[in-house]
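Student: I have a structure to study. Can we go through the terms together?
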Amino acid sequence: MTGKIAFALWLGIACPLALAGEQVLRLSTTTSTDNSGLLAWLLPVFEAKTGTKVQVIAVGSGKALELAKNGDVDVTLVHARAAEDTFVAEGHGIKRRDVMYNDFVLACPPSDKADIKGGSDIVAALRRLASSEVRFVSRGDNSGTDQMEKSYWKAAGIRPPPPRYLSAGLGMAQVLGMAAELQACTLTDRATYATFKDKAALAILVQGDPKMFNPYGIIAVNPARHPGINERAAHQLIDWITSGEGQARIAAFRPNGQQLFFPSALPAR
C-alpha cells in the first residue's frame with residue numbers, strides 16, 4: 001500500500017468531515033463554558049445553521065488566549081477582560097464582543113472555620129481567611145479565575161503561607177474536588193460550582209461583591225497575523241452568539257432551573 005493510499009484511507013476513517021467538505025472552526029474557550037454544559041447547548045444550533053463543525057479546546061483563559069495568539073485556533077471565548085484587551089491591543093485579535101456574564105463565588109467547607117459566611121466583601125473575607133487556619137486551593141493556571149483570585153489577594157495585602165495556600169495548576173472542576181477533599185476554600189465561577197456542587201460538597205460563603213463580576217468576551221484571531229485561519233466562520237460564530245437568537249439561547253440555558261449565564265451583547269457598531 002502506497003503512502004498516498006494509506007493517508008487517503010486514514011483521512012476517510014479518522015477525518016470524515018474533511019471528505020464531506022464540512023468546514024471546521026477551532027474555538028479555544030474556558031473550562032466553565034464547557035464543564036457547565038453551555039457549549040453543548042449552544043453549538044449544535046450554530047452548527048446546524050451554518051454547516052460548520054466547531055472543535056472546542058477548553059482550557060484556562062490564559063491558555064485559550066495563548067492558543068489564539070499562536071494561530072492554533074480561529075476564535076476564542078474567554079473571561080479575562082484585562083488580558084483580552086491586551087490581546088486585541090497587541091494586534092492578535094479583532095472584533096471583540098461582549099457575550100455574557102455571571103459571577104465568582106468563594107466556596108468553602110460548610111463548617112466555616114474562618115467565620116466568613118454571609119459576607120459580600122471578598123477582600124475582607126480573604127483577609128480573615130488568611131488569618132485563620134483554613135487552607136485555600138488556587139487554580140494556579142493563569143485562567144481568568146486564577147487572575148481574578150490573585151488580584152483579590154493583592155488587594156488584601158496578605159495571603160495564607162504555604163502549605164495552607166496550594167497552587168494546583170488544574171481546571172476548576174478538579175480544584176473544587178481537591179478543595180472538598182482537603183477541607184479548603186477556593187474561588188470559583190458560579191456556573192462550574194453549580195455543575196459540581198453535589199460532588200464537591202462545598203458551600204458558597206461569600207458572594208455578591210461587585211468585584212466578583214465575571215464577564216465573557218469573544219474575539220476572532222487576526223487574519224493579518226495568521227492568514228490560514230477560518231476568518232469567515234469565526235465571524236459567523238461571533239455574529240450568531242451575539243445575535244438575538246444566540247443571546248436568547250444563552251438566557252434559556254437553565255440546568256436544574258438555575259440560570260448560570262446572563263447575555264450581555266451590545267448591538268454591533
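Student: Which residues of helix α5 (residues 61–69) are called buried, and what makes them so?
Tutor: They are Ser 61, Gly 62, Ala 64, Leu 65, Leu 67 and Ala 68. Buried means under 20% relative accessible area; exposed is over 50%, and partly exposed lies in between (1.4 Å probe, protein chains only). These six names meet the buried cut-off. This is a predicted model: local features need pLDDT of at least 70, side-chain atom pairs count only at pLDDT 80 or more, and totals for chains, interfaces and linings use all residues. Residues are numbered from 1 along each chain as its sequence is written, and side-chain values use heavy atoms, leaving out hydrogens and water.

Student: What do the buried residues of α5 pack against?
Tutor: Strands β1 (23–30), β2 (52–59), β3 (75–78) and β9 (213–221), and helices α6 (81–89) and α8 (144–156). Contact means heavy atoms within 4.5 Å.

Student: What makes α5 a helix?
Tutor: Helices are DSSP runs of H or I, at least four residues; strands are runs of E, at least two; both are numbered from the N terminus. The protein has twelve helices and ten strands.

Student: Which residue follows α5?
Tutor: Gly 71, with a positive phi near 75°.

Student: Why does the radius of gyration agree with a compact globule?
Tutor: The radius is taken over C-alpha atoms, and the globule rule is 2.2 Å times the number of residues to the power 0.38. For 269 residues that gives near 18 Å; the protein has 20 Å, so the two agree.

Student: How much of the protein is buried?
Tutor: Buried residues make up 48% of the 269.
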